[in-house]
Amino acid sequence: MAMASSSSASAAAARGGNLVEEWSGRVKALEAGFRKWMAEQPTHIEAAVTTAVGAVQGAALGGLMGTLTADGGSPFPTPPPPPNANPQAMASFKQAQALAGGPLVQARNFAVMTGANAGISCVMRRIRGGEDIQGSMAAAFGSGALFSIVSGMGTPNPVANAITTGAAFAIFQGGFFMIGQKFSKPQSEDLYYSRARSMLQKLGLEKYEKNFKKGLLTDQTLPLLTDSALRDVKIPPGPRLLILDQIKRDPEFGKAR
């Protein structure tokens with residue numbers, strides 16, 4: 001009886017593990033398909049979808065932060081504005097509200113900020129052919145300026161304050177971008193896999209970059225890739241089909257250099 005119970009438990013655990021792996025594989029396949037679809041869309045479609053996704057994520061984050069910092073639960077609640085306050089005092093009060101508002105206020109503010117950043121970043125990547133410091137700073141400036149306008153931080157001079165806030169966001173983002181580049185310089189050997197890496201990222205298949213390196217499938221071999229070559233480096237059938245289809249469709253990866 002004990003052995004039977006142990007066998008049943010092991011079988012149930014194995015089925016549970018297989019189900020988790022199956023659902024994980026389905027989610028990854030859907031994500032890869034979505035990324036591939038996005039890469040094939042015109043700029044305005046990709047920007048609109050990216051903006052919407054970024055706004056939803058920002059709204060969720062802002063709502064959570066607003067719940068945690070709401071006046072009712074904060075040890076330092078935002079005081080009400082004094083009667084007959086001058087414009088400078090009202091501006092300070094608006095800034096405090098923007099940074100310590102309730103869930104709906106924070107959800108709105110963060111949705112605008114993250115959505116604008118994601119959308120502008122998407123457009124700049126399409127225009128400039130990749131992510132760089134100029135595109136990153138432009139996205140930060142736009143998101144900072146819109147955050148200032150929507151949150152009401154610009155009282156009594158909203159235009160000047162929007163420009164100042166956008167510039168501050170851009171400077172900080174530019175600094176972070178340069179620091180990130182300094183600490184993430186690719187190794188010299190990675191230069192031989194730049195196009196392969198870019199293709200895998202578009203398809204959501206970044207984890208197979210190590211397979212390409214193990215099989216010495218450099219950028220020069222991309223136009224020559226076959227199903228058997230990908231199978232030899234242990235890439236599963238589904239990802240193999242996506243990779244070969246991308247090489248056939250996209251001249252950037254299908255031509256020799």
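Among the contacts in the chain with a separation of 6 or more, 64% join residues 24 or more positions apart. The model is predicted. Its secondary structure comes to eleven helices and zero strands, and of the 257 residues of the chain, 32% count as buried.

**Chain overview**

- From the N terminus on, the order of elements reads α-α-α-α-α-α-α-α-α-α-α.
- About 15700 Å² of the chain is exposed, and carbon and sulfur atoms supply 65% of that area.

**Helix H2 and Gly54**

- Helix H2 covers residues 43-68, and for these 26 residues a rise of 1.5 Å a residue gives an expected span of 38 Å.
- The end C-alpha atoms of H2 are 37 Å apart, which agrees with the expected span.
- The buried residues of H2 include Gly54, Gly58, Gly62, Gly63 and Gly66.
- Glu46, Ala47 and Thr50 in H2 are buried as well.
- Gly54 has its place in H2, and its relative accessible area is 6%.
- Gly54 counts as buried because that 6% falls under the 20% cut-off.
- With residues up to four places away in sequence not counted, Gly54 touches Thr114, Gly115 and Ala118.
- The C-alpha atoms of Gly54 and Ala116 are separated by 7.8 Å, although these residues are 62 residues apart along the chain.

**Helices H5 and H6**

- Helix H5 spans residues 133-151 and helix H6 spans residues 158-183; their axes come within 7 Å and cross at roughly 145°.
- H5 and H6 form a right-handed crossing.
- The residues of this contact between H5 and H6 comprise 15 nonpolar, nine polar and no charged.

**Ser143 in H5**

- Ser143 is located in helix H5.
- The relative accessibility of Ser143 is 2%, so this residue counts as buried, the cut-off being under 20%.
- Outside its neighbours within four places in sequence, Ser143 is in contact with Met113, Ala116, Asn117, Ile120 and Phe169.
- Ala116 thus appears in two places: in contact with Ser143, and with its C-alpha atom 7.8 Å from that of Gly54.

**Ala162 in H6**

- Ala162 belongs to helix H6.
- Ala162 is buried, and its relative accessible area is 6%.
- Setting aside neighbours within four places in sequence, the contacts of Ala162 are Ala145, Ser148 and Ile149.
- Ala162 and Ser143 are 19 residues apart along the chain, and their C-alpha atoms are separated by 9.8 Å.

**Helices H7 and H10**

- Helix H7 (residues 194-203) and helix H10 (residues 237-249) have axes that come within 11 Å and cross at roughly 115°.
- The crossing of H7 with H10 is right-handed.
- On the H7 side, the residues that meet H10 are Met199, Leu200, Lys202 and Leu203.
- On the H10 side, Leu242, Ile243, Gln246 and Ile247 meet H7.
- The residues of this contact between H7 and H10 divide into six nonpolar, one polar and one charged.

Methods
Residues numbered from 1 in each chain as written. Predicted model: local features only at pLDDT ≥ 70, side-chain atom pairs only at ≥ 80, totals over all residues. Heavy atoms only, no water. Axes fitted to C-alpha atoms, helices over the stretch in contact; angles between N-to-C directions. Helix = DSSP H or I, 4+ residues; strand = E, 2+ residues; numbered from the N terminus. Left-handed = near helix turned anticlockwise from the far one by under 90°. Nonpolar A, V, L, I, M, F, W, Y, C, P; charged D, E, K, R; others polar. Expected span 1.5 Å × (residues − 1). Buried < 20%, exposed > 50% of the residue type's maximum accessible area, 1.4 Å probe, protein only. Contact = heavy atoms within 4.5 Å. Areas by Shrake-Rupley, 256 points an atom, 1.4 Å probe, with all protein chains shown as cover.
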